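Here are my notes on this entry. Please read them alongside the coordinates.

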Amino acid sequence: MHPAVVTAVLLLVGTINTVTAWSTNDVQKMCKDRSLESCGRGCEAGKWIRLDCDRCVKYFKIPSTFQGAEKYCHSVNAELVSIHDEEEMILVMCLSLKYNSNSQPQPFWSGGKRSGGGFIYTDGSKFDYARWLPNQPDNHRGQEGCVEMNVGYWGSWNDNVCPGKKDFICQKEA
């Protein structure tokens with residue numbers, strides 16, 4: 001392919017990713033239009049928020065390594081969160097906004113992790129949706145095996161080193 005065509009395609013992809021990045025105002029507006037319903041059925045009422053018909057989620061403001069976050073989720077009979085579509089991503093952003101008082105995106109762990117040439121979720125569900133930052137995932141220095149969200153922009157994903165400490169979101173069956 002001609003170098004000018006490759007450059008144009010890369011610029012277009014970068015523009016699309018920039019256009020789809022969410023600002024704090026975007027997230028606040030999206031969250032205003034959605035209710036974060038407490039879960040009662042199968043989850044602790046008032047403490048977990050409904051993500052979909054089958055799952056409830058909870059934000060843990062406990063900076064942990066990926067493995068530490070996964071272990072903590074297991075201790076409360078849960079898994080790190082898996083995201084399968086845009087609506088789930090928006091609800092997770094709303095939950096993150098609720099627990100971060102400065103209204104700026106704070107990175108947190110999801111249940112995504114590198115496996116072979118791709119990614120899987122620790123709950124065993126299919127890795128079928130992503131919002132990667134431009135040029136991500138890049139597995140920098142071959143050491144980035146875990147997926148963090150809210151990197152630089154609301155809802156943006158990055159692969160990062162698993163020993164880094166971040167907040168996390170757990171999910172459990174409703």
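1. Which residues of α2 are buried? They are T24, V27, M30 and C31. Bear in mind that this is a predicted model.

2. The buried set sits on the same side of α2, because these residues cover an arc of only 130° around the helix axis. On the other side of α2, N25, K29 and K32 are exposed. The cover over the buried residues of α2 includes α4.

3. Next, the nonpolar interior. The largest nonpolar core has 28 residues, and within this core I83 and W157 touch the most other members. At least two residues of this core come from each of α2 (24-32), β2 (55-64), α4 (86-99), β5 and β6. The largest share is that of α4, with eight residues.

4. There is also a second core, separate from the largest one. This second core has 13 residues, among them A69, A78, W109 and C170.

5. One charged residue deserves a look. E144 lies in the loop that runs between β5 (118-121) and β6 (146-149). E144 is buried, yet has no salt bridge. Which side chain of opposite charge is nearest to E144? That is R114, 5.8 Å away. A salt bridge would need a side-chain nitrogen of Lys or Arg within 4 Å of a carboxyl oxygen of Asp or Glu.

6. What surrounds E144? Leaving aside neighbours within four places in sequence, E144 is in contact with R114, Q136, D138, N139, D159, N160 and V161. R114 is thus on the contact list of E144, but E144 has no salt bridge.

Technical notes
Residues numbered from 1 in each chain as written. Predicted model: local features only at pLDDT ≥ 70, side-chain atom pairs only at ≥ 80, totals over all residues. Heavy atoms only, no water. Helix = DSSP H or I, 4+ residues; strand = E, 2+ residues; numbered from the N terminus. Buried < 20%, exposed > 50% of the residue type's maximum accessible area, 1.4 Å probe, protein only. Lys, Arg positive; Asp, Glu negative; His and termini not counted. Contact = heavy atoms within 4.5 Å. Core = buried A, V, L, I, M, F, W, Y, C linked by side-chain atoms within 4.5 Å. Arc of directions from axis to C-beta.
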